[in-house]
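Visitor: I would like to know how the labels used for a protein model are justified. Can we take them one at a time?

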Amino acid sequence: MSAPATRRLTTAQALVRFLAAQYTERDGVRHRLIAGTWGIFGHGNVAGLGQALVEYREAMPYHQGRNEQAMVHAAVGHARHLNRLSAQAVTTSIGPGATNLVTGAALATINRLPVLLLPGDYFASHAADPLLQQLEHPVEADVSVNDALRPVSRYFDRITRPEALLTSALNAVRVLSDPAETGAVTLALPQDVQAQAYDWPEEFFADRVWRVRRPAPDPAELAEAVRAIRAAARPLIVAGGGVHHSEAEPALQALVDATGIPVASTQAGKGALRHDHPADLGGIGHTGTAVSDALARTADLVIGVGTRYSDFTTASATLFQHPGVRFLNLNITAFDAHKLAAATLVCDARSGLVALTDALAGHRVDAAYETEYRTGRARWEEAVEAAFRADDDSAVPTQTQVLGALDTVVGDEDVVINAAGSLPGDLHKLWRARSPRQYHLEYGYSCMGYEIPAALGVRQAAPDTPVWALVGDGTYLMNPTEIVTAVQENLPVKLVLVQNHGYASIGGLSESVGAERFGTDYRHRVADGSFTGAPLPVDLAANAASLGMDVLRAKTVRELREALSTARAATRPTCVYVETAPPGTALPAEAWWDVPVAEVSAREAATQARAAYERAVADRRRHL
């Protein structure tokens, strides 16, 4: 018998060849799992993975980033837009480059979105020790800065010998392609091991297909779920991001059309129903709509589909107030399905929704309940129109009028990306999602600086799609550097840069909790040490132009509409810059959010805020 065929490659070369041959498949459709690799090179990856990516550049596309955290955000945006069926890798050097990955990794894992992280590491042999940028631990010699990635990774390994990659690479891809337990995957790569040669089995490089499961509901759980729905007088569906990941939007609509059960959506789930569907109530929770939150307070059965019930969704456990409210959670992860002491349906979202629709044949909510929520929905639509409307086209727009102007410009296929600040609240309440992937809000980690790099990843995933990154001045200053990457790679993303001279969202929160907007304005410091002077002479539009963007300045509502239309048609990265007039947001929160207030204080603002806090927290319930 002849010996198995082998190929002599370095560890880095073998890893690149292996990743280029991995695929996912769901419903008979195949996707390349690792669609490309982002990288910033330094010592620790330049002679290993850097050399391998040059050698196999036709098999593995490479993208040059400017900031390591931003590269992870770009990869996450790519994975989310493709419903987690395709991902990207990110490689960095050994020191600051590696630790810059931590925030992006946390974002990916919290949102259950796959990204492969390949940071350089110390010499496994300790032949050169300590290295430049190496952390020395006095009692644990195998610790490096990459260990900071362990708690924010769904899978972690350090490849200290070439042959260890044979097992670890397969485990990494297993997690990346898992429909439930996915997130950031980290393979820390000692730089000497990256360059070492090994005789790799040829079968390691063969095309490999990872089938993404659609587990069906358990019959007993399904029967219990059907009984609960049939018994409910006021059921409400809460649609989360799992609806999108499963591509279950048509199945959700079929269930709603058959039963009349209304749907409210989390930030991740918005767009699960098209905005003009008569059962779509919009966002739920602290940033939800009036009609959603009113129904949530009186719902006797809350049906969570693909949601993890963040505190924004539950209004910090104060939203669901019906005395007999119960929960039914359809989720592919048992961990999330069991939240709020719910009856569970642990399965794929699409499979579960189809099974429920079939099992509920002939069942429909009471006509009076449908009339009630449709009436509330119509009233809310009037509020949206009022927030979007600008009676004077020559006036400086408010932030909600900026969204209204954008609403008139985008098409069904456009993608709107946001993550932090005051915009998520306005978008969750007001945005009219026209398609399942139009509304792209990262709110699991609410990470400032996500939007611009994520727009690059989405544009790579959907090359013919208009992609809009909406950012305020605070977010822009956190992470504008990937504008250069957009210019370099000719990714014609559209940036809407809203200048309101400070942290508008946190400023409002600060005022409500008795912190008096301290430290939230971008203004000159005045004599008493506060920041209440004139706005700083900072020109963010000029900054965007200096990084290579075409910039359109809009001072009025009319100019804004014209600029947005021009930007949508642009074939280069284009920024629409607008300074907004107060108020920062037009519509108040419809539900509470728990931010603890100082229990004692000598300042009147904090004393009053504490009294309001105690009134609100009294509504908290433990759902058992």
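Visitor: Which residue lies over the face of Tyr-439, and at what distance from the ring centre?

Guide: This is a predicted model. In it, Lys-270 lies over the face of Tyr-439, at 5.6 Å from the ring centre. The limit for a charge over a ring is within 6 Å of the centre, and 5.6 Å meets that distance limit. Another case is Arg-553, whose charged end sits 5.7 Å from the centre of the Tyr-577 ring.

Visitor: What makes Tyr-198 and Trp-200 an edge-to-face pair?

Guide: Two values decide. The ring centres are 4.9 Å apart, and the limit for a pair is within 6.5 Å. The planes meet at 75°, and over 60 degrees counts as edge-to-face. The pair therefore earns the label edge-to-face. The whole structure holds 11 aromatic pairs.

Visitor: Why is Trp-200 called buried, and what is Tyr-198 called?

Guide: Buried means under 20% relative accessible area. Trp-200 has 0%, so it is buried. Tyr-198 has 25%, which lies between 20% and 50%, so Tyr-198 is partly exposed. Both residues belong to one aromatic cluster with Phe-18, Phe-204 and Phe-205.

Visitor: How do you know that the rings of Phe-312 and Trp-593 are edge-to-face?

Guide: Their centres are 4.5 Å apart and their planes stand at 65°. That angle is over 60 degrees, so the pair is edge-to-face.

Visitor: What does the pair of Phe-312 and Trp-593 tie together?

Guide: Phe-312 is in helix α12, while Trp-593 is in the loop between β23 and α24. The pair therefore ties together parts that are 281 residues apart in sequence. Phe-312, at 12% relative accessibility, counts as buried. Trp-593, at 26%, counts as partly exposed.

Visitor: Why is strand β20 said to be largely enclosed by the rest of the structure?

Guide: Strand β20 covers residues 467–472, and 6 of the 6 are buried, so the strand is largely enclosed. In a regular strand the side chains alternate between the two faces of the sheet. On one side of β20, Val-467, Ala-469 and Val-471 are buried. On the other side, Trp-468, Leu-470 and Gly-472 are buried too.

Visitor: How do you know that β20 pairs with β18 and with β21?

Guide: A pair of strands needs at least two bridges. β18 and β20 have 3, in the parallel sense, and Val-416 stands opposite Trp-468. β20 and β21 have 5, also in the parallel sense, with Leu-470 opposite Val-496. Both counts reach the limit, so both count as pairs.

Technical notes. Residues numbered from 1 in each chain as written. Predicted model: local features only at pLDDT ≥ 70, side-chain atom pairs only at ≥ 80, totals over all residues. Heavy atoms only, no water. Phe/Tyr/Trp six-rings, centres within 6.5 Å; stacked < 30°, edge-to-face > 60°. Buried < 20%, exposed > 50% of the residue type's maximum accessible area, 1.4 Å probe, protein only. Helix = DSSP H or I, 4+ residues; strand = E, 2+ residues; numbered from the N terminus. Lys NZ or Arg CZ within 6 Å of the ring centre and 35° of its normal.
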